[in-house]
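Walk through this fold with the model open beside the text. The route goes from the overall architecture to the cores, and then to one residue.

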Amino acid sequence: MQAAMEITVRYCRKEMEDYGMCVASNPSSWQQQCQELKMKVAQCTSSHPVIRKIRADCAGEFVAFEHCLREHQAAVGSCHAHVSRFLACAETVDLAGAGCAIPQPT
């Protein structure tokens, strides 16, 4: 997961920062207010093989997390267990078949 986060930050930093600021600025309406920025992050990350592999292998956990966020827009902290399950799944993904070099920390 660390490698996937490094790839996301490396290639999609601006999109992630813009989305994060939008969510933080709109705690009760971020789902509607930040939809376009969410799509920009998704478009940016969807082209990387590591991220695509994690999404495919952990799709169920990610969908459950997104569902929780929609159900608890005013209290996103309620979804901590869901994000933990997704991250735990992501840690188990075998990235050897992702067909790319994983960046090493500098």
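This is a predicted model. Read from the N terminus, its elements run α-α-α-α-α-α. The tally is six helices and zero strands.

Next, consider the contacts. Take those in the protein with a separation of 6 or more. Of these, 65% join residues 24 or more positions apart.

Now the surface. The protein has an accessible surface of about 6600 Å². Carbon and sulfur atoms hold 57% of that area. The protein has 106 residues, and 29% of them are buried.

Where do the nonpolar residues gather? In soluble globular proteins, nonpolar side chains tend to be buried together. Here, the largest nonpolar core has nine residues. Its aromatic members are Tyr 19, Trp 30 and Phe 65. Cys 22, Cys 34, Cys 68 and Cys 79 belong to it too. Val 41 and Leu 69 complete the list. Which elements give two or more residues to this core? They are α1 and α5, the latter spanning residues 59-71. The largest share, three residues, comes from α5.

A second, separate core has eight residues. Among them are Val 50, Ile 54, Phe 86 and Cys 89.

Turn to the aromatic rings. The structure holds two aromatic pairs. Phe 62, Phe 65 and Phe 86 form one aromatic cluster. Two of these names have come up already. Phe 65 sits in the largest nonpolar core, while Phe 86 is part of the second one. The aromatic cluster therefore has members from both cores, where ring pairing requires centres within 6.5 Å.

Back to the largest core, and to Val 41. Leaving aside residues up to four places away in sequence, Val 41 touches Glu 15, Met 16 and Tyr 19. Tyr 19 is a fellow member of the largest core.

Glu 15 deserves a closer look. It is found in helix α1, which covers residues 2-25. Is Glu 15 buried, partly exposed or exposed? Its relative accessibility is 26%, so Glu 15 counts as partly exposed. The cut-off for buried is under 20%. What does Glu 15 touch, not counting residues up to four places away in sequence? The partners are Lys 40, Val 41 and Cys 44. Lys 38 offers a distance to check in the viewer. Glu 15 and Lys 38 are 23 residues apart in sequence. In space, their C-alpha atoms are 8.1 Å apart.

Methods
Residues numbered from 1 in each chain as written. Predicted model: local features only at pLDDT ≥ 70, side-chain atom pairs only at ≥ 80, totals over all residues. Heavy atoms only, no water. Helix = DSSP H or I, 4+ residues; strand = E, 2+ residues; numbered from the N terminus. Buried < 20%, exposed > 50% of the residue type's maximum accessible area, 1.4 Å probe, protein only. Contact = heavy atoms within 4.5 Å. Phe/Tyr/Trp six-rings, centres within 6.5 Å; stacked < 30°, edge-to-face > 60°. Areas by Shrake-Rupley, 256 points an atom, 1.4 Å probe, with all protein chains shown as cover. Core = buried A, V, L, I, M, F, W, Y, C linked by side-chain atoms within 4.5 Å.
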